[in-house]
Amino acid sequence: MRRWRLAARVCGAWLAAAGALRAAEPATKEFIWAIPKAELHIHFEGTLEPEHYLELAKRNALPVRYATAAAVRQRQRDGRDLKSFIEVYEELLSVIRTEADFREVTLAHLRRTKAQQIVYTEMFFDPQMHTERGIPLATVFAGLLAAQAAARDELGVRVEYIMCFNRDRSAESALAILEASRPWHRRILGVGLDNPEEKDFPRKFAGVFARARSLGLRATSHCDVNQPNTLAHHWGCLDELKVERIDHGINVLDDPALIAAVKARGIGLTVCPTLMEAEIPGRLEFRAKAVKQMLELGLLVTINSDDPGLMRGLLVGDLMLAVHQTVGLTKAEIVTLAENSFRIAWLPEAERATYLAAVRAAAAIK
Ligand code: ADE
Ligand code: ZN
């Protein structure tokens with residue numbers, strides 16, 4: 001018996017050593033694909049592919065600004081900033097009108113995630129952009145929730161929702177949506193902020209966020225990359241909005257005090273090392289280096305796809321691979337990225353533990 005225990009101990013030590021050796025190895029596409037992961041920064045409206053936009057416009061008999069998918073992509077190549085990106089985004093989403101459309105667009109995206117083992121998604125949506133077009137909130141929620149059930153039953157993947165307010169709309173409009181959406185609050189995880197950053201962001205939304213938190217909703221906010229006053233915006237999101245995560249958040253690295261605060265408070269960072277329709281020199285390299293640095297600092301960084309419909313259709317696995325090919329990631333770093341995605345997900349603890357165990361199991365057999 002004693003001899004058996006000793007043999008088991010030796011064997012265990014050997015396995016741990018082999019595991020450690022494998023962990024230090026460079027990542028591979030096969031390894032990245034095999035690890036279960038969560039997507040935490042993706043916009044429902046940004047999942048719509050240009051081809052699907054044209055199909056929905058035809059079905060709903062709506063006029064379109066872009067006659068071909070190539071024209072949409074060309075317009076994105078010509079765009080210079082977040083504002084012009086959002087102009088195209090708003091044009092594309094204008095063809096999503098019925099409950100069936102909301103369901104179909106969500107499921108079209110989730111179908112694509114399965115192959116890359118993106119087993120859990122927290123998806124943003126922008127209700128103001130729909131109610132402003134005369135779409136009832138009930139239609140938006142019915143479509144999204146129907147997709148959630150179908151994803152679970154037909155695809156075996158899970159999607160949850162985060163309701164975003166638009167930073168270029170008023171706080172009153174955000175508050176009105178927050179109150180109007182109360183019948184569905186138990187069906188969403190929390191609230192976020194997106195669209196271009198305005199000069200009164202984030203203070204303008206402090207009251208709305210306090211109200212959302214008092215209603216039991218969790219809070220996150222975009223702090224887009226290299227925006228004017230970015231450090232003040234990051235601090236405001238932490239101290240005034242009291243967010244648990246920052247979406248993008250790369251500029252945290254510009255301020256040692258911010259790095260320390262983000263680390264001490266356990267704030268998650270949902271970075272998007274995305275590729276745009278136009279190759280922007282140095283863009284991916286800058287974001288990939290930030291991911292590597294955040295990993296080295298022990299920050300809760302994750303890799304996310306943001307708006308794959310308008311960003312070459314690339315998903316979390318593709319982007320982990322792109323970061324690896326740019327700055328080199330070890331298998332251990334891929335595992336940390338996947339673990340972080342579940343650590344900062346807004347999941348009940350028992351489900352978090354199940355997903356984390358699945359990551360470790362997949363890493364061990366690869
Ligand atoms: N809406 C869609 N994607 C966005 C982003 N990255 N930043 C702000 N608003 C967005
Ligand atoms: Zn985003």
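**The surroundings of ligand 1**

Helix α5, which spans residues 82-93, contributes 3 residues to the shell around ligand 1, the most that any element gives. The model in which this shell is seen is a predicted one. The full set of residues around the ligand consists of His43, Leu82, Ile86, Tyr89, Arg167, Asp194, Asn195, His222, Asp224, His248, Asp306 and Asp307. Sorted by class, this shell holds 5 charged, 4 polar and 3 nonpolar residues.

Some of these residues may now be considered one by one. The side chain of aspartate 224 has an N or O atom that lies 2.7 Å from a nitrogen atom of ligand 1. For aspartate 307, an N or O atom of the side chain is likewise found 2.7 Å from a nitrogen atom of the ligand. Histidine 248 places a polar side-chain atom 3.0 Å from a nitrogen atom of ligand 1. How much of the ligand's accessible area does the protein cover? On its own, ligand 1 has 260 Å² of accessible area, and the protein covers 98% of it.

The next topic is empty space in the protein. Rolling a probe the size of a water molecule over the atoms reveals where such space remains. The space that ligand 1 takes is the largest pocket. This pocket has a volume of about 820 Å³. Its lining comprises 42 residues, and those nearest its centre are Asp81, Leu82, Phe85, Asp224 and Gln227. Three elements, namely α4 (69-78), α5 and α13 (283-296), each give two or more residues to this lining. Which of them supplies the largest share of the lining? Helix α5 does, with 6 residues. By class, the lining of the largest pocket includes 16 charged residues, together with 13 polar and 13 nonpolar ones. Helix α5 thus appears twice in this account, as the element that gives the most to the shell around ligand 1 and as the source of the largest share of the pocket lining.

A cavity is another kind of space. How many cavities of 30 Å³ or more does a search of the whole structure find? The search finds 1. About 40 Å³ of space lies in the largest cavity. The residues that line it are Thr274, Leu275, Met276, Ala278, Glu279, Ile280, Arg283, Leu284 and Arg312. Of these lining residues, 5 are nonpolar, 3 are charged and 1 is polar.

Finally, the backbone deserves attention in one loop. Asparagine 195, a member of the shell around ligand 1, is placed in the loop between β4 and α10. Although asparagine 195 is not a glycine, it has a positive phi of about 70°. Proline 202 is found in the loop between β4 (190-194) and α10 (206-214) as well. The peptide bond that leads from phenylalanine 201 to proline 202 is cis, and its omega is near 0°.

How values were computed. Residues numbered from 1 in each chain as written. Chains lettered and ligands numbered in written order. Predicted model: local features only at pLDDT ≥ 70, side-chain atom pairs only at ≥ 80, totals over all residues. Heavy atoms only, no water. Near = heavy atom within 4 Å. Polar contact = N/O pair within 3.5 Å; in protein donor to acceptor, adjacent residues only side chain to side chain. Areas by Shrake-Rupley, 256 points an atom, 1.4 Å probe, with all protein chains shown as cover. 1 Å grid on protein atoms, 1.4 Å probe; cavity = no way out; pocket = protein on both sides within 12 Å on 5 of 7 lines; lining within 4 Å. Sits in = over half its atoms within 2 Å of the grid points. Helix = DSSP H or I, 4+ residues; strand = E, 2+ residues; numbered from the N terminus. Nonpolar A, V, L, I, M, F, W, Y, C, P; charged D, E, K, R; others polar. Points joined across faces, edges and corners; volume = space filled by probe spheres on them.
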